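Me: I would like to learn how to read a two-chain model. Can you take me through it step by step?

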There are 2 protein chains.
Amino acid sequence: MPTLDDLSTPCLLLDRDRLVRNLARMQAIADRLGVALRPHLKTAKSVEVARLAVAAGAKGLTVSTLKEAEYFAGHGFHDLFYAVSIVGRHVPRLLQLARSGVVVQAGVDSAEAARQVVAAAGATPLAFRIEIDCGEARGGLGPDAPELLEVARLLTAGGHRLMGVFTHAGHSYDVRDVESRRAVARQEQAAVLAAKARLVAAGFACETVSCGSTPSAVNAEPVPGVTELRAGVYQFGDLFQAGVGSHGLEDIAVSVLATVIRKRPDKNTLLIDAGAFALSKDRATATLGPGLDAGFGRLADESGALIEPPLYVKHAYQEHGLVTSASPIDYHRFPLGARVRVLPNHACPTAAAHDRYRVVTGKSVVAEWERVNGW
Amino acid sequence: MPTLDDLSTPCLLLDRDRLVRNLARMQAIADRLGVALRPHLKTAKSVEVARLAVAAGAKGLTVSTLKEAEYFAGHGFHDLFYAVSIVGRHVPRLLQLARSGVVVQAGVDSAEAARQVVAAAGATPLAFRIEIDCGEARGGLGPDAPELLEVARLLTAGGHRLMGVFTHAGHSYDVRDVESRRAVARQEQAAVLAAKARLVAAGFACETVSCGSTPSAVNAEPVPGVTELRAGVYQFGDLFQAGVGSHGLEDIAVSVLATVIRKRPDKNTLLIDAGAFALSKDRATATLGPGLDAGFGRLADESGALIEPPLYVKHAYQEHGLVTSASPIDYHRFPLGARVRVLPNHACPTAAAHDRYRVVTGKSVVAEWERVNGW
């Protein structure tokens, strides 16, 4: 069996045991909330991860791009939700999927968009959910927006199925204490339930009531009427999620394997061959303040154990990472050629920098899984 | 001939006329400086761009990854420099290339690394350049470091060719006025020339004296003894380089084509279907201050003309970009489904988010060129 020594760096590692544990933990949260888990594959973009999530109890998948929809459909996943509100230009790829027998639900969040998709779909019935803005102010209609009923009317009059409502509490990432995250989770649930109540009162079907976001999921309480949870990053975890308490540091399943290529004891630095392209420029932990700000990533050793005192990637050049520490670096641990794992600020963009996972248990490489990047 | 209307969004556009103009301009700078231009393909990662650069007068290519080296070698480019200082673990891929008849020069910047590469190379002669630190404090040896001669001795005693010295003035990105950039360019030239003088005095060959970085290149004056220039980002240009005066806004050759998917006049925002994954999270222009800070990108219209008053991507979610402006947005210009081009902060990471270029002149798509991402 190959080991880490057989890999060229930088490359993306995925710890299988941690992944399986993370999948089980979120499934247990969904079970406790009494909702279906429709995991968001925007992070993993992997059919192997999707299969493990379904084996753990997930019902259907959420995707972030039409390319993901096409990829998962091609691998036999036929219950898909594209959690982006679309316009007429996006309909041809949905029609292509529908003609192959796969109806991918998509979002709609304005009357203008509803008119476009109805016109573009022609006689082919599609399935839609209406996006609700629960406070993030990204996409979606407010739960009390008059346009909500107009969208429902346009879609159903056009011969399409209205499957329900969904929202994304992206602002759960912006609050810094547990009580505030609980409040966001309640706000999220209340928004979709209020929207559903208006739709049902007006005579529309609204079977699915769907909430998203890992921080709000782990801080939610059961509320009758909410039917679905769409978290994604929990599958891998990262330094930001650990920083806000969504999981522990020991749960982070993805990392970037890198090689030490230079030592500068005069500056208390190391140089590794993983830079901004392998790690991403995401600095999510910068918002968490001193003590939790991990620069461009925190170092673990080759086996995945956190290095103490902590080492951080302080600067990320295109293909170089400059590592430093608040304490003197123990250079005896790092001969040139030594391997380290860099834990990411934010699992999604770091994983997106790579085309595949080297799946590991300890130092053994047990599998190689592809990713479906791009659009 | 296909047009932008035939493309799914988001996708990466490359304006061929601007690219050709940018290549010619840097070649003219190299000619004026009396040095060979060995363009860095870390930005473009494209054999088509490399061919155009060579047609414009470039001598050899610089690459940032061994995968690029393998890719360009496979396309018939046999004069390559991997501008990263390596350790023993990186040697097997160089040996593989050497066995196929392509010697890729690589960097070395410590005696420990020199010992490792000599041991790993065995009896196969390779070619190296010694990396010099001209003030960036990333990699490289100071021009006066005693270790410099030790590295030269180890490499040549191991049977390898010492081709010269190189440096990268990455700190040219950190200074904010023309005189300071000129000073960095002088510092860069002085550092490699001082290192060369020591090597030559000690009896070593040092044919190549190579400088890098687009901002220092456009601000350099001719200095006898410098033989090579290795800039890269000039090929495409970006908002950061325009902000520091390396070129004009009208020279930016890459952009991300996106579709307007939502309008929020109540918040003076637009939502587009290009977010952090399509644009990257690079915020290089943030360091340029008000007036030049372009958020996550500045919008041009479908034909490539800058939109005035300016529209910027203020927030970059994974697959959504939230666009806003200091002035009221003219919503009549943006029906849902309208197309815009987002100019990048930093061309390198934005291009790296995509697997190919749609090469355009105006709204016509004249070619599709692949990129060699990853490692």
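Reply: We start with one chain, then turn to the interface. Keep in mind that this is a predicted model.

Me: What does the secondary structure of chain A come to?

Reply: Count the elements. Chain A has 11 helices and 17 strands.

Me: How do I judge how compact chain A is for its length?

Reply: Set the radius of gyration against the globule rule. For chain A the radius is 22 Å, and the rule gives 21 Å for 375 residues, so chain A is as compact as a globular protein of that length. The C-alpha trace spans about 70 × 45 × 35 Å along its principal axes. Of the 375 residues, 62% count as buried.

Me: How many residues of each chain are in contact across the interface?

Reply: In chain B, 56 residues touch 56 residues of chain A. The two chains bury about 4500 Å² between them, with 52% of that on carbon and sulfur atoms. On the chain B side, B:Arg89, B:Arg138 and B:Trp375 lose the most area, together 18% of what that side buries.

Me: Which polar links cross the interface of chain B and chain A?

Reply: Look for salt bridges and polar contacts. The rule finds 10 salt bridges. One joins the side chains of A:Asp133 and B:Arg264, at 3.4 Å from N to O. There are also 25 residue pairs in polar contact.

Me: Which element of chain B gives the most to the side that touches chain A?

Reply: Strand 10 of chain B, with six residues. By class, the residues on that side of chain B divide into 20 nonpolar, 15 polar and 21 charged.

Definitions and conventions: Residues are numbered from 1 along each chain as its sequence is written. Chains are lettered from A and ligands numbered from 1 in the order in which they are written. This is a predicted model: local features need pLDDT of at least 70, side-chain atom pairs count only at pLDDT 80 or more; totals for chains, interfaces and linings use all residues. Side-chain values use heavy atoms; hydrogens and water are left out. Contact means heavy atoms within 4.5 Å. Buried area is the accessible area (1.4 Å probe) that two parts lose on being put together, summed over both. A salt bridge is a side-chain nitrogen of Lys or Arg within 4 Å of a carboxyl oxygen of Asp or Glu. A polar contact is a pair of N or O atoms within 3.5 Å; within protein, one must be able to donate a hydrogen and the other to accept it, and residues adjacent in sequence count only if both atoms are side-chain atoms. Helices (H or I, at least four residues) and strands (E, at least two) are DSSP runs, numbered from the N terminus. Ala, Val, Leu, Ile, Met, Phe, Trp, Tyr, Cys and Pro count as nonpolar, Asp, Glu, Lys and Arg as charged, and the others, Gly among them, as polar. The radius of gyration is taken over C-alpha atoms; the globule rule is 2.2 Å times the number of residues to the power 0.38. Buried means under 20% relative accessible area, exposed over 50%, partly exposed in between (1.4 Å probe, protein chains only).
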